[in-house]
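Biologist: I am new to this structure and would love a close look at just one helix. Could you walk me through its surroundings too?

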Amino acid sequence: MNFSSLEYINTLRESGTVLQSSKYLINRCLKNIAFDKAKVIVELGMGNGCITKEILERCDNNTTIISFEVNKKFCSYCQNKFKNNLSLKILNKSAFDFQDILEQNNISEVDYIISSLPISLFDKNDTTKLLTNLKKTLKKEGHFIQYQYSLNHLKLIKNIFPKVTVDFTMLNIPPAFIYNCA
Ligand SMILES: C[S@@+](CC[C@H](N)C(=O)[O-])C[C@H]1O[C@@H](n2cnc3c(N)ncnc32)[C@H](O)[C@@H]1O
């Protein structure tokens with residue numbers, strides 16, 4: 001078993017998964033993003049960087065990508081893996097601190113937020129506050145993308161975002177729903 005699979009399993013209560021996202025799930029998450037127009041993309045819960053890698057491949061150097069990850073080992077792993085990518089900032093910080101961090105980086109609004117946070121494991125009130133704050137930070141035409149292994153947060157998300165579309169892929173372990181929210 002490789003480092004990232006072991007780390008997901010060892011930190012299951014924090015990671016919420018035993019495996020990284022499949023390429024099919026990643027493609028579904030990223031398919032509606034206008035990478036050529038995006039100035040700032042925030043990624044929440046980068047893990048081993050499997051989504052980050054695909055974001056970087058689709059962006060040019062004019063896009064800043066800020067990735068949040070609470071797990072120090074994943075951060076060090078990704079810092080090494082992406083050491084040549086100057087447009088990527090990897091922060092060993094919680095998504096719950098994102099507003100302060102963006103302020104410190106003089107960023108007032110973002111184009112896309114791509115989240116693989118295990119929101120099912122968070123307290124519902126905390127999730128509501130987090131998503132409400134994320135929505136405030138999005139540009140008017142911005143999108144929040146979140147995947148989940150069940151639909152149990154769809155109602156909560158629809159209460160915060162006026163437009164939500166739901167996609168689904170069987171081709172992930174476990175199969176996943178993708179919320180695209182604006
Ligand atoms: C389901 S994994 C996703 C990893 C990877 N992006 C993928 O799709 O395979 C969720 C990741 O979120 C991280 N995480 C959990 N809570 C977090 C928080 N509050 N802020 C930032 N990252 C968090 C976990 O450590 C884990 O790496």
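Modeller: Happily! In helix H7, the buried residues are Leu130, Leu131 and Leu134, where buried means that 20 or more other C-beta atoms, placed from the backbone, lie within 10 Å of a residue's own, exposed means 12 or fewer, and partly exposed is in between. This is a predicted model, in which local features need pLDDT of at least 70, side-chain atom pairs count only at pLDDT 80 or more, and totals for chains, interfaces and linings use all residues. Residues are numbered from 1 along each chain as its sequence is written. Helices (H or I, at least four residues) and strands (E, at least two) are DSSP runs, numbered from the N terminus.

The three leucines lie on the same side of H7 because they cover an arc of only 95° around the axis, the arc being that of the directions from the helix axis to the C-beta atoms. An α-helix has 3.6 residues a turn, so residues three or four places apart point the same way. On the other side of H7, Asn125, Thr132 and Lys136 are exposed.

H7 runs over residues 124-137, 14 residues in total. From first C-alpha to last, H7 reaches 20 Å, close to the 20 Å expected at 1.5 Å a residue; that expected span is 1.5 Å times one less than the number of residues.

What covers the buried side? Among the elements over the buried residues of H7 are S4, strand S5 (138-148) and helix H8 (154-160). Strand S4 itself spans 110-115, and Tyr112 is in contact with Ile33, Ala38, Ile41, Gly142, His143 and Ile145, leaving aside neighbours within four places in sequence; contact means C-beta atoms, placed from the backbone, within 7 Å.

Key
Contact = placed C-beta atoms within 7 Å.
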